[in-house]
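I sat down with this model to look up a few things and kept notes as I went. Here they are, in the order I made them.

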Amino acid sequence: MKITVEHTECEENEVILRCRELDDEMLRLLALVRSGMQKLLVWNEQKELLPLRVSDVVYCETVEEKTFVYTENGMYQTALTLAELEERWAATGLLRCGKSCVVNLYAIRRLRSCGAGRIEAALTTGEKIMISRHYAPALREKLGM
């Protein structure tokens with residue numbers, strides 16, 4: 001694939017994909033570009049609705065049927081389920097790592113193998129989460145391990 005970047009005096013950024021055919025590689029690239037432009041709507045403790053960049057998400061978890069989103073700067077709540085978060089933003093690095101948790105692959109700083117096929121992930125926030133043995137193969141595949 002050839003990549004060209006042009007710096008111009010345009011009013012807004014523009015992405016043009018040129019391809020002989022719309023194959024899987026181009027579809028993944030298109031999904032990544034589209035998902036990166038979308039915002040995740042969350043609310044804080046004061047019930048203020050805020051748009052959040054998905055790249056700011058460190059991890060998400062479900063507790064008592066509520067979905068919480070954690071960033072470097074705080075904790076928020078969203079109306080989306082973990083399945084919806086993973087489906088919408090898998091191309092940007094969100095990956096299911098447990099029954100009640102989704103992690104941003106780009107927020108992982110270190111991995112440590114644990115017993116029974118589990119993996120401990122140290123995150124940019126200093127927190128540690130456990131990747132269950134059921135989801136560990138998907139993590140290894142995404143990371144090319």
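**Notebook: charged pairs and a sheet**

Entry 1. I began with a search of the whole structure for salt bridges, and it turned up three. A reminder to myself: this is a predicted model, and I read each pair with that in mind.

Entry 2. I looked up Asp-56 and found its salt-bridge partner to be Arg-53, with 3.1 Å between the closest N and O atoms. How accessible are the two residues? Asp-56 has a relative accessibility of 29% and counts as partly exposed. Arg-53 is partly exposed too, at 45%.

Entry 3. Next came Arg-96, which forms a salt bridge with Glu-86; here the closest N and O atoms are 3.8 Å apart. Which elements does this pair tie together? I traced Arg-96 to strand S6 (residues 94-98) and Glu-86 to helix H2 (residues 82-89), so the salt bridge links parts that are 10 residues apart in sequence. Then I asked whether Arg-96 is buried or exposed. Its relative accessibility is 13%, and because the cut-off for buried is under 20%, Arg-96 counts as buried. Glu-86, at 24%, is partly exposed.

Entry 4. The remaining pair I noted is Arg-112 with Glu-120, whose closest N and O atoms sit 3.2 Å apart. I checked accessibility again: Arg-112 is partly exposed at 48%, whereas Glu-120 is buried at 15%.

Entry 5. I then turned to the strands. What is the order of the strands in the open sheet? I read it as S8-S9-S10, three strands with antiparallel pairing. The edges are strand S8 (108-113) and strand S10 (128-131), each of which pairs on one side only. I also looked up how neighbouring strands of this sheet are turned against each other: the average is 25 degrees, direction ignored.

Entry 6. I wanted a closer look at one pairing, so I picked S8 and its partner, strand S9 (residues 119-123). How many bridges join S8 and S9? I counted five, in the antiparallel sense. As a general note, strands of a sheet pair through backbone hydrogen bonds, either parallel or antiparallel. For a single position, I looked up Arg-110: its bridge partner in S9 is Ala-122.

Entry 7. Going back over my salt bridges, I put the buried residues side by side. Arg-96 is buried at 13%, and Glu-120 is buried at 15%. Their partners are partly exposed: Glu-86 at 24% and Arg-112 at 48%. That closes my notes for today.

Key
Residues are numbered from 1 along each chain as its sequence is written. This is a predicted model: local features need pLDDT of at least 70, side-chain atom pairs count only at pLDDT 80 or more; totals for chains, interfaces and linings use all residues. Side-chain values use heavy atoms; hydrogens and water are left out. Two strands pair if DSSP finds at least two bridges between them. Helices (H or I, at least four residues) and strands (E, at least two) are DSSP runs, numbered from the N terminus. Axes are lines fitted to C-alpha atoms, for helices over the stretch in contact, and angles run from 0 to 180 degrees between N-to-C directions. A salt bridge is a side-chain nitrogen of Lys or Arg within 4 Å of a carboxyl oxygen of Asp or Glu. Buried means under 20% relative accessible area, exposed over 50%, partly exposed in between (1.4 Å probe, protein chains only).
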